Each structure stands twice: as C-alpha cells, then as structure tokens.
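Look over the sequence and the 3D view below before reading on. The paragraphs after it go from the surface to the interior and back.

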Amino acid sequence: METDRPLTSAQRRKLIRRYAAGPDLLERALEKVPEGARKWRPGPKKWSVHEVIIHFVDMEIVGAARLRYLLAENQPLIIGCDQDRWAEFLDYHRQPLEP
C-alpha cells in the first residue's frame, strides 16, 4: 500500500486488524511444523523456524521502542541491528517459544 496520501480510517483499521491477527496466524502455522523440525536449519547461515520466531519477538520490542522515538523526538535516530549477531549472542535456540 504505497501512497503519498494519508491513510483513510478504513485503511488504517484494516491494517490494524491484520497486525493484530499476526500472532494467531503464526501460532497456527507453527502447529503444522513438527516439534523435531522447528530447530532444523536449511543450510549454513540459515535460520530455523524457532530462531525466526524468537527474532520476531525481539523485533516487536525494537519496533515499539522505535515508534516511541519517532513520536517523541524532534530528530529521532533509528538504528538497525545485526540480526545474525543477536541470534548468536542471545542464543535464540535456547530461548523458549512459549512465555
């Protein structure tokens, strides 16, 4: 949805509904992956399903902080992260998928 015009209320509500549905969609998709396959990596330097999901959680937290900077700061500085370093340093495979 690329446009120079602001979103309409209906477009905004639709996007919010899609965003809110994400966790349920992810959970249903994960149920189809056998537990033994969740930590399988399809190749060198490739992530497992487990690592991708943990990364989603990390980026949700990062995204929330970035939104606050964008809203509250006059000239916000939004920095990226080395996602592979995060996965290795934070040992995504050792982190549980469930809270």
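This is a predicted model. Begin on the surface, where Asp24, Glu27, Glu31 and Glu98 gather in a patch of negative charge. One of these residues, Glu27, sits in helix H1, which covers residues 9-31. Glu27 has a relative accessible area of 46% and is therefore classed as partly exposed.

Helix H1 also holds Leu26. At a relative accessible area of 31%, Leu26 is partly exposed. Which residues does Leu26 touch, not counting residues up to four places away in sequence? They are Ile53 and Phe56. Leu26 can also be compared in position with Ala87, which is 61 residues apart from Leu26 along the chain. The C-alpha atoms of this pair are separated by 19 Å.

Next comes the loop between H1 and H2, where Lys45 is placed. Lys45 is exposed, and its relative accessible area is 84%. Its backbone deserves a look as well: Lys45 is not a glycine, yet it has a positive phi of about 65°. A positive phi also appears at Asp91, another residue other than glycine, with a value near 50°. Asp91 belongs to the segment after helix H3 (83-89). With a relative accessible area of 31%, Asp91 is partly exposed.

Back in the loop between H1 and H2, find Ser48. Is Ser48 buried or exposed? Ser48 is buried, since its relative accessible area is 1%, and buried means under 20%. Leaving aside neighbours within four places in sequence, Ser48 is in contact with Arg38, Lys39, Trp40, Arg41 and His93.

His50 lies in helix H2. This residue is buried too, with a relative accessible area of 5%. Residues up to four places away in sequence are again not counted, and His50 then touches Arg38, Lys39, Tyr92, His93, Gln95 and Leu97. Arg38, Lys39 and His93 are among the contacts of Ser48 and also among those of His50.

Now consider charged side chains that pair. In general, side chains of opposite charge can pair when their charged atoms come close. How many salt bridges does a search of the whole structure find? The search finds one. In this salt bridge the side chains of Arg41 and Glu51 meet, at 2.6 Å from N to O. Arg41 lies in the loop between H1 and H2 and Glu51 in helix H2, so the pair ties together parts that are 10 residues apart in sequence. The two partners can be described by their accessibility. Arg41 is partly exposed, with a relative accessible area of 42%, whereas Glu51 is buried, with a relative accessible area of 5%. Arg41 has already appeared here, as one of the contacts of Ser48.

Finally, follow helix H2, residues 49-72, to Tyr69. Tyr69 is partly exposed, and its relative accessible area is 44%. Which residues form a nonpolar patch on the surface with Tyr69? They are Leu67, Leu70 and Ile78. Together, the four residues of the patch have about 390 Å² of accessible area. The surface thus carries this nonpolar patch as well as the patch of negative charge that includes Glu27.

Terms used
Residues numbered from 1 in each chain as written. Predicted model: local features only at pLDDT ≥ 70, side-chain atom pairs only at ≥ 80, totals over all residues. Heavy atoms only, no water. Patch = residues over 30% accessible without salt bridge, like charges linked within 9 Å, V, L, I, M, F, W, Y side chains within 5 Å. Areas by Shrake-Rupley, 256 points an atom, 1.4 Å probe, with all protein chains shown as cover. Helix = DSSP H or I, 4+ residues; strand = E, 2+ residues; numbered from the N terminus. Buried < 20%, exposed > 50% of the residue type's maximum accessible area, 1.4 Å probe, protein only. Lys, Arg positive; Asp, Glu negative; His and termini not counted. Charge placed at Lys NZ, Arg CZ, Asp CG, Glu CD. Contact = heavy atoms within 4.5 Å.
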